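Student: I've got this chain open on my screen and I'd like to know how the labels are earned. Can we go through them?

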Amino acid sequence: MSMFNRIFGKPKEQANSNALATLDKLNETLDMLEKKEKVLEKKAAAELERAKEFSKAKNKRAAIQSLKRKKLYEQQIEQLGNFQLRIHDQMIMLEAAKATTETVDALRTGAAAMKAMQKATNIDDVDKTMDEINEQTENMKQIQDALSAPLGASADFDEDELEAELEELEGAELESQLLEPVAAPPVHPVHAPANKQPARPAPQKATAEDDELAALQAEMAL
């Protein structure tokens, strides 16, 4: 059995627990490597400073030995960097596998739920239900047709004959309306009220010229 099958064959809880435990272990290892890398970087820097001091003191042999030790530290730092890169790669793969496991589990759960729903309502039950609905609908239609059918003597009437008679009556009524003479509209005489007198013009208000004319006529009459 492949590793993929072993991972996805486990229950969800156990797979998640193992993945989380492995991720924690990888994180601890990564932290340890980073701490070692920092220590080695400090040692390499210290050897570089010693090499500079020995060079100033004209101690060429000691300066070269310090540079050699610095190179060894740098090689270890590079090796630790490769280790960290591999751990990062492993963590990414593990997180991707964990996400894939959860996705497959969710799809499996959805498929099981759909299967249960289909089992509860299989195609035979659906067809049977639709047949019953169609049968009830047809029965109701027959009942309504039976109730709307004419009863007694009216059942013997010919519908076409009744329609023709109705059209004949409507045609006779229309012909009668066309032959009737058009009556003139009645004329209503207008009567003036008996007690109403013709309106008299309202007396005009006397002006100053009228007063002077009246006074002059009175003097002439004397």
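Tutor: Sure. Leu-40 makes a handy start: apart from residues up to four places away in sequence, Leu-40 touches Tyr-73, Gln-76, Ile-77 and Leu-80. Keep in mind that this is a predicted model.

Student: What makes Leu-40 part of the largest nonpolar core?

Tutor: A core of this kind takes buried residues from a set that includes Leu, Ile and Tyr, joined through side-chain atoms within 4.5 Å. The largest one has 12 residues in all, among them Leu-40, Tyr-73, Ile-77 and Leu-80. The elements giving two or more residues to this core are α2 (12-56) and α3.

Student: Why is Ser-66 called buried?

Tutor: Buried means under 20% relative accessible area. Ser-66 has 0%, so Ser-66 is buried. Ser-66 sits in helix α3 and touches Glu-47, Arg-50, Ala-51 and Phe-54, leaving aside residues up to four places away in sequence.

Student: And what about Glu-49: why does it count as partly exposed?

Tutor: Partly exposed runs between the 20% and 50% marks. Glu-49 comes in at 42%, so Glu-49 counts as partly exposed. Its place is in helix α2. From Glu-49 to Ser-66 is 17 residues in sequence and 8.6 Å in space, C-alpha to C-alpha.

Student: Why is Ile-123 called exposed, then?

Tutor: The cut-off for exposed is over 50%. Ile-123 has a relative accessible area of 57%, so Ile-123 is exposed. This residue lies in helix α4 (residues 123-148).

Student: Which residues make a nonpolar surface patch with Ile-123?

Tutor: Val-126, Met-130 and Ile-133 do, and with Ile-123 the patch covers about 350 Å². To get in, a residue needs over 30% relative accessible area and no salt bridge. Ile-123, at 57%, is over that area mark.

Student: How do you know where confidence is lowest and highest in the chain?

Tutor: Look at the mean pLDDT of the elements: helix α1 (residues 3-9) is lowest at 46, and helix α3 (residues 60-120) is highest at 90. For the whole chain the mean is 78, with 70% of residues reaching 70 or more.

Student: Why should I be wary of reading some coordinates in detail?

Tutor: Low pLDDT is the reason: there, predicted coordinates should not be read in detail. Here pLDDT stays under 50 over residues 1-9, and the model has 8 contacts for them beyond four places in sequence.

Student: Stepping back, how many helices and strands are there?

Tutor: There are 6 helices and 0 strands. Of the 222 residues, 12% count as buried.

Conventions
Residues are numbered from 1 along each chain as its sequence is written. This is a predicted model: local features need pLDDT of at least 70, side-chain atom pairs count only at pLDDT 80 or more; totals for chains, interfaces and linings use all residues. Side-chain values use heavy atoms; hydrogens and water are left out. pLDDT is the predictor's confidence in each residue, from 0 to 100. Helices (H or I, at least four residues) and strands (E, at least two) are DSSP runs, numbered from the N terminus. Contact means heavy atoms within 4.5 Å. Buried means under 20% relative accessible area, exposed over 50%, partly exposed in between (1.4 Å probe, protein chains only). Patches are made of residues with over 30% relative accessible area and no salt bridge: like charges are joined within 9 Å, nonpolar side chains (Val, Leu, Ile, Met, Phe, Trp, Tyr) within 5 Å. Accessible areas come from the Shrake-Rupley method with a 1.4 Å probe; for residues, only the protein chains shown count as cover. A salt bridge is a side-chain nitrogen of Lys or Arg within 4 Å of a carboxyl oxygen of Asp or Glu.
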